Amino acid sequence: MSGIFFTEDEIRFREEVREFAKRVIAPQAEEVEKGMYPGPLLRKIGEAGYMRQLHPIEYGGSAKGVVYEIIVAEEIAGVSAPTDMSRTASSTLCAIPISRFGNDEQKRKYLTPIIRGEKIGAIGITEPNVGSDTAGMQTTAVRDGDEYVINGEKRFITNGADCDIITLFVVNPDVPAKRGMCTFIFPTDTDGFKVERIYGLMGMHGMRIAHLRFENCRIPAENLLDREGMGFNILMDELNTERISIAGEVIGVARAAFDTAVQYSTERVQFNRPINRFEGVSFKIADMATQLDAAELLTLRAARLVDRGERAGKESAMAKVFSVDYAFEICNQALQVLGGIGYTTDYPVERYLRDVRIGMLGGGTSEIMKFLIQREVYREFELKAAMEKRTVPLEVASSSQKGETPD
Ligand SMILES: Cc1cc2nc3c(=O)[nH]c(=O)nc-3n(C[C@H](O)[C@H](O)[C@H](O)COP(=O)(O)OP(=O)(O)OC[C@H]3O[C@@H](n4cnc5c(N)ncnc54)[C@H](O)[C@@H]3O)c2cc1C
């Protein structure tokens with residue numbers, strides 16, 4: 001997309017990341033697709049400095065912000081989506097809570113090695129009985145002297161079988177729901193920690209998505225992030241950036257599918273002409289180009305808002321749900337442009353289609369994104385209505401608005 005939307009520095013940065021992704025990640029993409037876990041590539045990504053953008057300079061970050069994060073996500077996912085998924089699980093999902101809520105010692109000990117790619121991180125939210133309804137979490141942490149004792153299970157954990165630490169969300173069983181949620185930095189060499197199984201996946205081959213068990217795991221109290229009861233706030237803060245990052249990833253994959261379809265449509269000849277001469281094909285390309293730019297703009301808006309310090313919950317949800325829906329559609333239409341060969345593994349488009357599908361699930365499902373968007377829409381509607389009522393004479397307003405203030 002042109003310089004109207006990205007600054008000169010952002011465009012230069014994108015070119016650097018693109019060159020790195022082509023030179024270092026692309027040669028491994030085939031092996032990853034065949035099942036090679038991409039975790040070891042994180043060291044190279046860390047050395048190149050592409051895990052730094054969301055983190056403070058004093059701990060090894062570059063503090064460039066979320067726009068730079070989506071540029072990295074797009075460019076790395078465009079050549080190997082599982083590699084970027086592994087990267088984001090570590091330096092985005094696991095690291096954001098430490099970066100934003102950790103103390104100096106926690107950041108030095110855990111954040112810096114993750115940013116450098118020396119250690120691998122994961123985030124532990126989902127459980128067998130807890131998916132969308134995160135407030136119903138069942139894994140517990142009970143204080144015992146200078147330690148907490150952790151018991152429970154987490155499932156679908158990206159990097160879970162191979163990581164050094166997990167940013168782990170748990171509850172204090174004595175405090176109900178959201179108010180009891182706490183976040184810990186959990187070292188995976190703790191006794192009682194077990195990788196129970198690795199799931200087979202539709203796409204994102206190479207990723208090792210794990211089911212984890214915690215049995216009387218004792219970790220030092222100093223591994224608590226912020227304070228008890230802050231877990232839900234930490235989670236909501238992390239999810240906002242995660243959603244924008246996922247939007248960047250799927251845009252990167254969709255752009256790769258789009259580029260493949262454009263090129264193929266100029267080379268493939270049927271009825272004595274390249275197939276792009278048929279509107280049935282070229283109008284698909286027009287739709288894909290428009291959808292890609294729309295997804296990019298929504299994602300850029302959310303990223304710039306978060307970089308400005310705004311919460312942007314609605315905008316992040318919009319960016320994610322729109323980008324994943326259209327990324328899936330773009331990959332599907334790209335496959336159609338390629339015809340039968342698109343369905344084979346001779347071209348990567350069938351892989352792109354399988355890889356982007358996770359976007360509708362991870363970081364909150366598309367249904368949950370729509371729930372969040374409509375909730376904000378009605379909140380804004382109520383707020384506007386309440387503000388309009390303020391213009392009503394004071395004595396009328398004070399009687400009619402009793403108890404109706406929007407939360
Ligand atoms: C490959 C992969 C990697 C993952 N990585 C991680 C990770 O690293 N860490 C982690 O913690 N989790 C991870 N997850 C888990 C992921 O975030 C969850 O799968 C997701 O949040 C949905 O939870 P669930 O699967 O339990 O679905 P459920 O919550 O059981 O939902 C099932 C269906 O019901 C719908 N639904 C539920 N509630 C509502 C509602 N109120 N309104 C409308 N519809 C609703 C959902 O949208 C969905 O369609 C990963 C998942 C996968 C597949």
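This passage looks at how domain 1 and domain 3 meet in a predicted model.

The chain splits into three parts: domain 1 covers 8-119, domain 2 runs over 123-227, and domain 3 takes in 233-382. For the pair of interest here, the C-alpha centres of domain 1 and domain 3 sit 21 Å apart. Their contact draws on 26 residues from domain 1 and 25 residues from domain 3.

Putting domain 1 and domain 3 together buries about 2100 Å², and 61% of that area comes from carbon and sulfur atoms. On the domain 1 side, V66, I70 and E74 give up the most area to domain 3; between them they account for 25% of what that side buries.

There is a polar and charged part to the story as well. Eight residue pairs are in polar contact between domain 1 and domain 3, counting pairs with both residues at pLDDT 80 or more. Three salt bridges turn up across this interface. As for salt bridges between named residues, the side chains of E33 and R354 pair up at 3.0 Å, N to O.

Turning to the secondary structure behind the domain 1 surface, the helices α1 (8-33), α3 (66-79) and α4 (81-101) each put at least two residues into the side that touches domain 3. Of the contributors, α4 gives the most, with eleven residues. Sorted by class, the domain 1 side facing domain 3 comes out as 14 nonpolar, four polar and eight charged residues.

Note on methods:
Residues numbered from 1 in each chain as written. Predicted model: local features only at pLDDT ≥ 70, side-chain atom pairs only at ≥ 80, totals over all residues. Heavy atoms only, no water. Domains from an automatic or database assignment. Contact = heavy atoms within 4.5 Å. Buried area = accessible area lost by both parts, 1.4 Å probe. Salt bridge = Lys/Arg side-chain N within 4 Å of Asp/Glu carboxyl O. Polar contact = N/O pair within 3.5 Å; in protein donor to acceptor, adjacent residues only side chain to side chain. Helix = DSSP H or I, 4+ residues; strand = E, 2+ residues; numbered from the N terminus. Nonpolar A, V, L, I, M, F, W, Y, C, P; charged D, E, K, R; others polar.
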